[in-house]
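Me: Can you walk me through the holes and the charge pairs in this one? I'll throw short questions at you.
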Amino acid sequence: MLPRFFWSCMIFLHLVILEMVMNMKNDREMLCSILKTTQMGQIGIRSVLDTSMRPGLRKALQSQLQKYDSIESEAYYLASQRGWELEEVQPGKRLLADMMTRMKLSHGNADSKIADMMIQGNTRGMISGLKNLHQYQQQDCQVSSLCQRLLDCETANIRQLQTFL
């Protein structure tokens, strides 16, 4: 018969492992996070495209919009391959983000404000993505690769937009 201490340690170890597993993101949750991040990026960009801005900034934003769309499409494709439905950004949040963007653009240098808002959005997306990546079990290499692609995209977006501040 094993000592009581051994069984206490085993129970504690199982509880710790269970808590760690519960806090980790699974593949589906990770794809949902990727999807929402790309959708928020697209919402932000589309909210400013009808604003007067330098051609270089417009071109940069249109390119970023295409990259977000590509990552979003891949997230949907991976989910459909696995038979999953992904949770999207809620309509109310979409509307609020659009309204806030338009309100922030009402005064001053539009190019600088647009670049500032986009950099802030990309930074929020990176922070969220990195937090999720640290909680992610990385079981599906396609999902982790897509997450890394999104993080690389947002890093590149920030670098590209700094010249417009």
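Me: How many cavities of 30 Å³ or more does the count come to?
Reply: Just 1. Keep in mind that this is a predicted model. The largest cavity has a volume of about 40 Å³.

Me: Which residues line that largest cavity?
Reply: The lining is made up of Met30, Ser33, Ile34, Thr37, Gly125, Ser128, Gly129, Asn132, Cys147 and Leu150. Two or more residues each come from helix 2, helix 5 and helix 6, the last of these spanning 141-161.

Me: And how do the lining residues of the largest cavity divide into nonpolar, polar and charged?
Reply: There are 4 nonpolar and 6 polar residues, with no charged ones in the lining of the largest cavity.

Me: OK, pockets now. How much space lies in the largest one?
Reply: The largest pocket holds about 710 Å³. It has 28 lining residues, and those closest to the pocket centre are Met40, Gly41, Ala97, Gly121 and Arg124.

Me: Which elements give two or more residues to that pocket's lining?
Reply: Helix 2 (27-48), helix 3 (55-82), helix 4 (91-104) and helix 5 (110-135) do.

Me: Same breakdown for the pocket lining, please: how many nonpolar, polar and charged?
Reply: For the largest pocket, the lining splits into 9 nonpolar, 12 polar and 7 charged residues.

Me: Switching to charges. How many salt bridges does a search of the whole structure find?
Reply: The search turns up 7. One of them pairs Asp50 with Arg102, with 3.2 Å between the closest N and O atoms.

Me: What parts does the Asp50 and Arg102 pair tie together?
Reply: Asp50 sits in the loop between helix 2 and helix 3, while Arg102 is in helix 4, so the salt bridge joins parts 52 residues apart in sequence.

Me: Is Asp50 buried or exposed? And what about Arg102?
Reply: Asp50 is exposed, at 57% relative accessible area. Arg102 comes out as partly exposed, at 38%.

Me: Which residues are linked with those two in a network?
Reply: Asp98 joins in: Asp50, Asp98 and Arg102 are linked by a network of salt bridges.

Me: Give me another pair. What does Arg149 meet in a salt bridge?
Reply: Its partner is Glu74, at 2.4 Å from N to O. Arg149 belongs to helix 6 and Glu74 to helix 3, so this pair ties together parts 75 residues apart in sequence.

Me: How accessible are the two ends, Arg149 and Glu74?
Reply: Arg149 is partly exposed at 31% relative accessible area. Glu74 is partly exposed as well, at 29%.

Me: What about Asp140, which residue does it form a salt bridge with?
Reply: With Arg82, where the closest N and O atoms are 2.6 Å apart. Asp140 lies in the loop between helix 5 and helix 6 and Arg82 in helix 3, so the contact connects parts 58 residues apart in sequence.

Me: Why does Asp140 count as buried?
Reply: Because its relative accessibility is 13%, and the cut-off for buried is under 20%. Arg82, at 24%, counts as partly exposed.

Me: Last topic, cysteines. How many disulfides does the search find?
Reply: It finds 0 disulfides in the whole structure.

Me: Are Cys141 and Cys153 buried or exposed?
Reply: Cys141 counts as exposed, with 61% relative accessibility. Cys153 is buried, at 8%.

Definitions and conventions: Residues numbered from 1 in each chain as written. Predicted model: local features only at pLDDT ≥ 70, side-chain atom pairs only at ≥ 80, totals over all residues. Heavy atoms only, no water. 1 Å grid on protein atoms, 1.4 Å probe; cavity = no way out; pocket = protein on both sides within 12 Å on 5 of 7 lines; lining within 4 Å. Points joined across faces, edges and corners; volume = space filled by probe spheres on them. Helix = DSSP H or I, 4+ residues; strand = E, 2+ residues; numbered from the N terminus. Nonpolar A, V, L, I, M, F, W, Y, C, P; charged D, E, K, R; others polar. Salt bridge = Lys/Arg side-chain N within 4 Å of Asp/Glu carboxyl O. Buried < 20%, exposed > 50% of the residue type's maximum accessible area, 1.4 Å probe, protein only. Disulfide = S-S within 2.5 Å.
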